[in-house]
Amino acid sequence: MTNHYIDFRNSDVILNMGGNVAENHPVSFKWIQAAKDKGAIFIHVDPRFTRTSTKADIFVRLRSGTDIAFLGGMIKYILDHNLYDEFYVKNYTNASFIVNPKYSFEDGLFSGYDPAKRTYDKSTWALEKDEQGIPKRDMTLQDPRCVFQLLKHHYSRYTLEKVSQITGTPVADLEKVYKTYGTTGTPDKAGTVLYAMGWTQHTVGVQNIRAMSIIQTLLGNMGIAGGGVNALRGESNVQGSTDQGLLFHILPGYLPTPRAQWPTLEDYNKTTPSTKDPRSINWWRHRPKYLVSFLKSMFGEKATKENDFGYPWMPKLDPTQDASWLNLFDEMYKGTFTGFFAWGMNPACSSANAGKVRQALAKLDWMVNVNVFDNETGEFWRGPGMDPKKIKTEVFQLPCAAFMEKEGSISNSGRWMQWRYKAANPPGEARPDGDIMYELFKKVRALYEKEKGAFPEPILNLKWDYETDGHFDIHKVAKEINGYDLTTGKLMANFVGLKDDGTTSCGNWLYSASYTEAGNMAARRKKTDPTGLGLYPEWSWCWPLNRRIIYNRASVDLDGNPRDPKRPLLRWDPSGKKWIGDVPDNAVPPMGTNGAYPFIMKPDGVASIFGPGLNDGPFPEHYEPLECPIEKNLMSSQRINPVVKIFEGGPDSFASCDPKYPFVCTTYRVTEHWQTGVLTRWLPWLIEAEPQVFCEMSLELAKLRGIKNGDRVIVETQRGKLEAVAIVTSRLKPFTIAGQTIHQIGVPWHFGWLQPKDGGESANLLTPTVGDPNTMIPESKAFMANVRKLTKQPAKKAVKG
Amino acid sequence: MKITRRTFLKISGATAAGTLMGGLGFDLSSAELYAQELRIKGAKETTSICCYCSVGCGIIVHTDANGKVINAEGDPDHPISEGALCAKGASSYQIAINPNRLQKVRYRAPYSTSWKEVSWDWALDKIASNIKKSRDASFMEKNAQGQVVNRTNGIASVGSAALDNEECWLYQKFLRALGIIYIEHQARI
């Protein structure tokens, strides 16, 4: 999130799209209600009428996988009706920047497409620079090659009628949403968007969010109280686990992982983002300091200037290698790995095309499965269709502590890092995860000390000293993450003092300032609210630098006065020469006519309406999901995103416009369960409330297929099938797409064969192996399925009396 | 006295119990108060944050004199949740008090049809030696183009957003020191 949960209450218009906030982030709804109580309008856009929709002032439906068409129509509407914030667009975005004359877009393809490689050469998407290397601009926004005019041109095709044909949303509904949300384009109005996996789990996932980001910058809603682009993430610490670099492509603090083409630190640092524009702060220019400080936290005294601070010991990816989830399990399926850790995860149910994952696990020599409860991954060898006598995989199942049985911090979606204390001991022999990894590494190191082995340096030189009185001490890790001034031994006050000469260490620069000489900031519980905006700066701590709303200098005018006096997030005090309010997104003086731009993490210093860095185009464009119900994309000749990676063969197959799979299917969650249900399926209250997998369908579809409410049905795709209980409901309705009637169904994904015994299987047996070309997040929210009545219904229990 | 939300609840609880007398004809208030207090009487309060979605609601965990979890409820002082919890958060004490919790280290040998309980030391020793075997056999110093890569191709990891920040950081340190590059977790899916 750019903003945070309490900040919902500061909005005038709240759009929840690609999510179901009332059911999946229930307690946060109180801040939507607080906004509504003050007169805010709440809009919900979703294929399905949910409990969120019941609270919405405006609810409209769209077919799964058509969000860009919907949002592209909104961009056109905002431009056509001059609803945009002209000051903001001119000063704080790249709308005035001039694009390379070779840039083009024709019939669904941007310039530079290579059909053989299914990739773009992005060089023609570049922004033009003058002799000094500063971006060329036309502040009148009239140049036909300026971003603003290209934007207008690109979305001129997204007419209400065209959008309606694609999304199935009636024109009047589209207009209602566009008009209402468009009212937030004035400085005294704030609009916010809340999204979740309904936007990310698509082959156009990143561009869904880009489309909304464009809307938010056009309307001047970024960097303000009550605004922002806000991801409602699915796990209590998925923000933190991302921040801490548990992904193949990033080290902690979003530093890129080293690659083979950067063999030395110097080579790595050559890729540091740069700008020649003195008005751009380009905060990423400090990256070399953060990497060296990170390496010092990895290798301690063994990291020296002479050995490039241990950079050669870090593993390196091949130049364009993508080691993300779907590729990982594809490699496992091919037999690439002998060993595997499933630590606090249940991929046998959580992965797209889970059937493939279950087969892949059988190709391993060994697997370590760490969890609080038993799960389908640890037990895969005796799952449905498996013969344990033929499966070689050795499995170690290690019991770990639950959240109240250990100490440490987690980071919510609003970037608040909150400390949790230990309330009780874990049961039996269960241990905290940190203790397990700490002990395990010591054993690995002892083996390498004794027997040597391949490239032992990183193992032998790793700094691994987090004990107090002979026991693992999580506070020592928390301090390592914050970092030290190694010349004094004191904790860093924040990342501003980090250096690239080896005199500072810092495990994650973004978290520097979280655990200082003044104490553990994440544990703070003081409820002061000096701005009155609900920032609570002394409750816990938030990254970066306890800044509660990022890009907050975009909330002020050129002189540093709040553009919205009702919600003054920041104000420049000319006499004291300082900012008052939130922690400013850089403490430079007001921008004036030649000062520093507000978007400090972007090399150009402004928000990118034109985004030349993504793999699938600088503007979001509507493409159909890999599996869709119509043969032709109504927008262009490109049916699907032209740069997605296609997995085919073996367990990977897909079927688009196939009469065998006529219905659009999506997956979702219910309030009472969480993720694969690995915790919640074992809790008596919750499993009683939601005991089994179901399939929701419309009254019309049920009639068509002769299905009654409560019947057992088979839901089936090209990959797999599962049995479910039919819920026949008016919460779903058929769509009219390009003149045809299209039905949509949905299945929650919390279940698995292990527990409860009659609860049903994972919905991910249905989903395809295909991902977004930027993130490789799987397309679990739009695929094609069939649903039919189970011919042999189980015998009904006789009712006594 | 400044009335906080919690003292207010106590007062209104007493009032509610008091009014029972009118309906039943005899005074239940002392029994009612006793019963209400008993569950967490003398309990230790520990503040925590809910383990489920990303809102980050405050939870107070109550433990008895033996250190056993006896209750978990919303933290009224928490500025985001203000004491509220959803169905999942409100049942979180059932995670701690649950006969189905994994409590022993289990091992399934190749081609075996069942689990066997083993000791931590035995399991961690064997995992460590498996790691070394897989790493040594698959370690690549240079790729096909002759570039230095120093990585372990034969081991992969998924996990975890269910870990604390400090554990996540420690885990990535552990994996990267081993040379592992296939490092993924919930954030990708």
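The following exchange considers a helix contact between chains, some backbone features and one strand, all in a predicted model.

User: Why is helix α17 of chain A called oblique to helix α5 of chain B?

Analyst: The axes of α17(A), residues 433–451, and α5(B), residues 120–138, come within 9 Å and cross at roughly 55°. Angles under 35 degrees count as roughly parallel and those of 65 to 115 as roughly perpendicular, so α17(A) is oblique to α5(B). The crossing of the two helices is right-handed.

User: What makes up the contact of α17(A) with α5(B), in terms of nonpolar, polar and charged residues?

Analyst: On the α17(A) side the contact includes Ile436(A), Leu440(A), Lys443(A) and Tyr448(A), while α5(B) contributes, among others, Trp120(B), Leu124(B), Ser129(B) and Arg135(B). The residues of this contact divide into 10 nonpolar, 1 polar and 8 charged.

User: Why is Lys452(A) counted as partly exposed, and what is notable about the phi of Lys452(A)?

Analyst: The relative accessibility of Lys452(A) is 47%; since buried means under 20% and exposed over 50%, Lys452(A) counts as partly exposed. Lys452(A), in the loop between α17 and α18 (457–460) of chain A, has a positive phi of about 60° although it is not a glycine. Most residues other than glycine have a negative phi.

User: How do you know whether Ala513(A) is buried or exposed?

Analyst: Ala513(A) has a relative accessible area of 10%, and because the cut-off for buried is under 20%, Ala513(A) is buried. Ala513(A) lies in the loop between β21 (504–505) and β22 (515–516) of chain A, and its phi, near 105°, is likewise positive in a residue other than glycine.

User: Which residues are joined by a cis peptide bond with omega of about -10°, and which by one with omega near -15°?

Analyst: Trp543(A) and Pro544(A) are joined by the cis bond with omega of about -10°, and Pro544(A) sits in the loop between β24 (541–542) and β25 (570–573) of chain A. The cis bond with omega near -15° runs from Gly159(B) to Ser160(B), the latter being in the loop between β7 (148–158) and α6 (165–177) of chain B.

User: What makes strand β34 of chain A mostly covered, and how do you know that β27(A) pairs with β34(A)?

Analyst: In β34(A), residues 783–789, 5 of the 7 residues are buried. Pairing requires at least two bridges, and β27(A) and β34(A) are joined in the antiparallel sense over 3 bridges, with Phe663(A) bridged to Ala785(A). Strand β29(A) also pairs with β34(A) in the antiparallel sense, over 4 bridges, and there Ile714(A) has Arg788(A) as its bridge partner.

Note on methods
Residues are numbered from 1 along each chain as its sequence is written. Chains are lettered from A and ligands numbered from 1 in the order in which they are written. This is a predicted model: local features need pLDDT of at least 70, side-chain atom pairs count only at pLDDT 80 or more; totals for chains, interfaces and linings use all residues. Side-chain values use heavy atoms; hydrogens and water are left out. Axes are lines fitted to C-alpha atoms, for helices over the stretch in contact, and angles run from 0 to 180 degrees between N-to-C directions. Angles under 35 degrees count as roughly parallel, over 145 as roughly antiparallel, 65 to 115 as roughly perpendicular and the rest as oblique. A crossing is left-handed if the near helix is turned anticlockwise from the far one by less than a right angle, and right-handed if clockwise. Contact means heavy atoms within 4.5 Å. Ala, Val, Leu, Ile, Met, Phe, Trp, Tyr, Cys and Pro count as nonpolar, Asp, Glu, Lys and Arg as charged, and the others, Gly among them, as polar. Buried means under 20% relative accessible area, exposed over 50%, partly exposed in between (1.4 Å probe, protein chains only).
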